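What follows is a short report for a reader who has not met this structure before. It begins with a pair of charged side chains and then widens to the rest of the chain.

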Amino acid sequence: MEVYQAIVWIVVAAILGIIIGAGIILLIPVVRERASNKRSNKIIKDAEIKADRIVKNAQIDGKQTVNEMKIEAEKEIKEKRNELNQTENRLFQREQNIDRRDAALINKETIIEQKSDTLNRQIAENVKKEKILQEKIDGIIEELEKVSKMSIQEAKDEIFARVESKMAKEIALFMKNKEDEANEICNRKATEILGLAMARFAQDSTNERSVYSIALPNDEMKGRIIGREGRNIKTLEQLLGVDLIIDDTPEVITISCFNPIRREIARITLENLIKDGRIQPGRIEELSEKAKKEVDDSVKKAGEEAAFRLGLPRINKELLTYVGRLKYRTSYGQNAYDHSIEVAYLCGIMAAELGLDQNLAKRAGLLHDVGKAADFELDGSHVEIGARLARKYGEPDVVINAIESHHGDVVANCIISHLVQAADTLSAARPGARSETLETYVKRIEQLEDICKSYDGVYQCYAMQSGREIRVMVMPDKIDDLSAYNLARTIKDRIENEMTYPGQIKVSVIREYRAIETAK
C-alpha cells in the first residue's frame, strides 16, 4: 500500500511538473514581448530626441553657411567692380595715348614730306652738277690722253702691271717669312717626336729578290729535274705556276714568278725534291700540295703573330691572312711584312706622344700596305686594293683613309693618316731599308735633272746623295732671291706630281752674285 501511494505521488508530481513547465514556456514569450516593447519604445524616444537635435543643429549650420556665402559673394562683387573700374581707367589712358601718337605721327609725316621734297630738289641739282663734272672730266681725260699719248685702258694696264710686280714680291716675301716660321716650329716638334720614336724602335733591314736561285748538289740533278723529254720540269711549271730557268750556270736553277706566294711554294717544293731524290710527276704533285699547305700555315701564323706583337685584337682572320702574305712581298728590296710592322710601331709611338688612340694608329700602320699582298692578283694599285679589302672586312674609316692617303692619292682627313705618311716615309727612307736597280736609279737621276733644267735661268744642276737631294744653280742676273724661293717650290711640286721615288728629295736653289774688280 505504501508503495502504491509512493507511485501515485510520483505520478502526481510529474504531472504537476509538466503543467508548471508548460506554463512557464507559455509565459516566456509574453514576458519577452513586454520587455522588447519597453526597449523599443525607449529607443524610439531617444531617436526622436536625437533627430530633433540634429534638425536644430542643421538649421543653425545652414543659416551660418548662407551668411558666409552672402559675405563672400559681396566681397567678390566688390573686387570685380574695382577691377572693372581699373580696366576702364587704363582703356581711357590708352585712348588718350593713341590720340597723342596719332597727332605726333601726323606731324612726322608732314616733316618727312617736306624733307623728301627738299631731297628731291637736291638730287636734281646734284644730277645736273654730275653731268657738268663728267663733261669736265671727259675733257681733262682727252687732254691727258693727248699729252701722254696713252688710252685709259693702256694706263690701267700699266698701273696694274706695276702693282702686280710689287705685290708679287711682297707676297712671296711674306709667304717665305711665314713658311720659315712654320717650318721652324714644325721641324722642332717633328724632330722631337721622330727622334723619340726612332730612339725607342729599331728594326733590321732585309733585302730580298723577286727571283730565287736554288743551289743543286751537282749538275746531274739538273737533268733529273728536267726529266725524260722535259716531263718533270713541265709538271713543275704547270703545278706551281712559275718559270724554271736552267742556264749554263753550274749547279744553280732559278725560279721566276711575279706571284711571291707561288715563288715560295716552288722554292720549298724544289728543295724538298732535291732532298728526297725521287723526282717524278706523282712525287712532284705530292710535295707541291704539302708545300702549299706549309705556306698557307706560315701565312696565317705570320698574320696572327703580327697582330699579337702589336697587341691588336679583333682583326678579321682573312684580313690577317693578307697581312701574313706580305712576308713574301718586297718593295725596292724591303720586306713588306717587316715594313708594315715597323710603320705600325712608329705610328703607335707617335700617337702616344700626341695623346691619340695608340691601337688605332698601330692598326692603320699595319694595314697601310695590305694591298701589296694582292696587287699581283687583283686589278688596281696597291692603295686601291688595300682600301677595298679594308672596306670588305669592316675596318674603321680612319684606317681606310690612312690606306688611301699614305701616298697622297686621297686627301688625309685625320691626324692618324698623317702619322702613317710620316712613319711610312721614315721606314722607307732610313739607310739600308730599300734598294733599287741601276736602270731605275739612272732614270730617276736623269728625270730629276731634266725637270730642273727646263726652267729659264737655270744653268746647272746636280743630283746628290743617290738622288735624295738636287742642287740647282741659277743665273743671278735673271733670278733674284724671291724668284729663287718660288723656283724651289715649283720644282718641288713637279717632282711630287711627276715622279715616283722612295723617301724624300731635297731641292736646293743656289744663287750667287760676285762683283770682281782688279786694282792696278
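Arg267 and Glu264 stand 3 residues apart in helix α5 (residues 260–276), so about one helical turn separates them. An α-helix has 3.6 residues a turn, so residues three or four places apart point the same way. The two side chains form a salt bridge, with the closest N and O atoms 2.4 Å apart. The model is a predicted one, and the distances and areas in this report are computed from it.

The partners in this bridge differ in their cover. Glu264 is buried, because its relative accessibility of 6% falls under the 20% limit. Arg267 is partly exposed, at a relative accessible area of 22%. The pair also belongs to a network of salt bridges that links Glu264, Arg267 and Glu271.

**Other salt bridges**

In total, 11 salt bridges are counted. Another of them joins the side chains of Asp297 and Lys293, at 3.2 Å from N to O. These residues lie 4 apart in helix α6 (residues 281–310), which again means a separation of about one helical turn. Asp297 is partly exposed, with 39% relative accessibility, while Lys293 is exposed, with a relative accessible area of 54%.

A further salt bridge is made by the side chains of Glu469 and Arg471, at 3.0 Å from N to O. Here the acidic residue Glu469 is buried, at 7% relative accessibility, and Arg471 is partly exposed, at 32%.

The table sets out the three pairs described so far.

| Salt bridge | N to O distance |
|---|---|
| Arg267 and Glu264 | 2.4 Å |
| Asp297 and Lys293 | 3.2 Å |
| Glu469 and Arg471 | 3.0 Å |

**Patches on the surface**

Which glutamates gather in a patch of negative charge on the surface? They are Glu68, Glu72, Glu76, Glu79 and Glu83. Glu68 sits in helix α1, which covers residues 2–148. With a relative accessible area of 49%, Glu68 is partly exposed. Residues enter a patch only with over 30% relative accessible area, so Glu68 at 49% passes that limit.

A second patch is nonpolar and has an area of about 1000 Å². Its members are Ile7, Val8, Trp9, Val11, Val12, Ile15, Leu16, Ile19, Ile20, Ile24 and Ile28. Val12, one of these, also lies in helix α1. Val12 is partly exposed at 35% relative accessibility, so it too is over the 30% needed for a patch.

**Helix α10 and its cover**

Helix α10 spans residues 382–392, and its buried residues are His382, Val383, Ile385, Gly386, Ala387, Leu389 and Ala390. The elements that cover these buried residues include α7 and α11. After α10 comes Gly394, which has a positive phi near 70 degrees.

Glu404 gives a view of this region from helix α11 (residues 397–405), where it is found. Is Glu404 buried or exposed? Glu404 counts as buried, because its relative accessibility of 16% is under 20%. Apart from neighbours within four places in sequence, the contacts of Glu404 are with Val383, Ala387, Arg391, Asp409 and Val410. Val383 and Ala387 are among the buried residues of α10.

**A loop residue**

Arg314 is placed in the loop between α6 and α7 (317–325). Arg314 has a positive phi of about 55 degrees, although it is not a glycine. The relative accessible area of Arg314 is 75%, so this residue counts as exposed.

**The protein as a whole**

The protein contains 14 helices and 8 strands. It has 520 residues, and 30% of them count as buried. Its accessible surface comes to about 35700 Å², and carbon and sulfur atoms hold 54% of that area. Of the contacts between residues at least 6 apart in sequence, 62% join residues at least 24 apart.

Conventions:
Residues are numbered from 1 along each chain as its sequence is written. This is a predicted model: local features need pLDDT of at least 70, side-chain atom pairs count only at pLDDT 80 or more; totals for chains, interfaces and linings use all residues. Side-chain values use heavy atoms; hydrogens and water are left out. Patches are made of residues with over 30% relative accessible area and no salt bridge: like charges are joined within 9 Å, nonpolar side chains (Val, Leu, Ile, Met, Phe, Trp, Tyr) within 5 Å. Accessible areas come from the Shrake-Rupley method with a 1.4 Å probe; for residues, only the protein chains shown count as cover. A salt bridge is a side-chain nitrogen of Lys or Arg within 4 Å of a carboxyl oxygen of Asp or Glu. Lys and Arg count as positive and Asp and Glu as negative; His and the chain ends are not counted. The place of a charge is taken as NZ of Lys, CZ of Arg, CG of Asp or CD of Glu. Helices (H or I, at least four residues) and strands (E, at least two) are DSSP runs, numbered from the N terminus. Buried means under 20% relative accessible area, exposed over 50%, partly exposed in between (1.4 Å probe, protein chains only). Contact means heavy atoms within 4.5 Å.
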